[in-house]
Amino acid sequence: MPPRAAGRGGVRIAVLDANPAGLAFWRSQGYTALRHARDREHGRECTVMRKAL
């Protein structure tokens with residue numbers, strides 16, 4: 001089921017901070033940074049991003 005059909009207002013992703021091209025790509029797709037965190041599996045620095053639906 002698509003996120004909007006499931007009653008969601010947006011989509012969140014985590015992008016590694018060591019991947020500036022990835023961060024730039026997701027920003028170009030309309031995602032905005034919410035916060036910085038560490039990924040749960042390896043503890044790498046990442047940016048949590050969100051895009052409203």
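In this predicted model, a search of the whole structure finds two salt bridges. One of them links Arg38 to Glu45, with the closest N and O atoms 3.0 Å apart. The two partners differ in their class of accessibility: Arg38 counts as exposed, at 55% relative accessibility, whereas Glu45, at 36%, counts as partly exposed. The other salt bridge is formed by the side chains of Asp39 and Arg44, with an N to O distance of 2.7 Å. Here Asp39 has a relative accessible area of 16% and is therefore buried, the limit for that class being under 20%, while Arg44 is partly exposed, with a relative accessible area of 40%.

The surroundings of Asp39 can be described further. This residue lies in the loop between strand 2 and strand 3, and its side chain takes part in more than the salt bridge alone, since the side chain of Asp39 also reaches the backbone nitrogen of Glu41 at 3.0 Å. The pair of Asp39 and Arg44 is likewise recorded as a polar contact between side chains, at 2.7 Å. When residues up to four places away in sequence are not counted, Asp39 touches Leu16, Arg44 and Cys46. Of these, Leu16 and Cys46 stand opposite each other, with Cys46 placed in strand 3. In the hairpin made by strand 2 and strand 3, six residues lie between the strands, and Gly43 takes a positive phi near 75 degrees.

The strands that flank this loop belong to an open sheet of three strands, which has the order 1-3-2 and antiparallel pairing. Strand 1, comprising residues 10-16, and strand 2, comprising residues 32-38, stand at the edges and have a single partner strand each, so that one side of each is left without a neighbour in the sheet. On average, and with direction ignored, neighbouring strands of this sheet are turned by 25 degrees against each other. Strand 3, which spans residues 45-52, is joined to strand 1 by seven bridges, and these two strands run antiparallel. Between strand 2 and strand 3, which also run antiparallel, there are six bridges; within strand 3, Val48 is the bridge partner of Arg35. Helix 1, formed by residues 20-28, lies across strand 1 and strand 3, and runs at about 160 degrees to strand 1.

Within strand 3, Thr47 was examined in more detail. Its relative accessibility is 1%, and Thr47 therefore counts as buried, given that this class requires a value under 20%. The side chain of Thr47 makes polar contacts with two other side chains, namely that of Asp17 at 2.5 Å and that of His36 at 3.2 Å. Both Asp17 and His36 also appear among the residues that Thr47 touches, a list that leaves out residues up to four places away in sequence and further includes Ile13, Ala14, Val15, Leu23, Ala33 and Arg35. With regard to the elements described above, Leu23 falls within the residue range 20-28 of helix 1, and Ile13, Ala14 and Val15 fall within the range 10-16 of strand 1. Ala33, Arg35 and His36 fall within the range 32-38 of strand 2.

Aromatic side chains were considered next. A pair of aromatic rings is described by the distance of the centres and the angle of the planes. The structure holds two aromatic pairs. In one of them, the rings of Phe25 and Trp26 have centres 4.9 Å apart and planes at 80 degrees, so the pair is edge-to-face. The other is formed by Trp26 and Tyr31 and is also edge-to-face, with 5.2 Å from centre to centre and 80 degrees between the planes. Phe25, Trp26 and Tyr31 accordingly form one aromatic cluster, with Trp26 taking part in the pair with Phe25 as well as in the pair with Tyr31. As to accessibility, Phe25 is partly exposed, with a relative accessible area of 41%, and Trp26 is partly exposed at 29%, whereas Tyr31 is buried, with a relative accessible area of 12%.

Key: Residues numbered from 1 in each chain as written. Predicted model: local features only at pLDDT ≥ 70, side-chain atom pairs only at ≥ 80, totals over all residues. Heavy atoms only, no water. Pairing = 2+ DSSP bridges. Helix = DSSP H or I, 4+ residues; strand = E, 2+ residues; numbered from the N terminus. Axes fitted to C-alpha atoms, helices over the stretch in contact; angles between N-to-C directions. Contact = heavy atoms within 4.5 Å. Buried < 20%, exposed > 50% of the residue type's maximum accessible area, 1.4 Å probe, protein only. Polar contact = N/O pair within 3.5 Å; in protein donor to acceptor, adjacent residues only side chain to side chain. Phe/Tyr/Trp six-rings, centres within 6.5 Å; stacked < 30°, edge-to-face > 60°. Salt bridge = Lys/Arg side-chain N within 4 Å of Asp/Glu carboxyl O.
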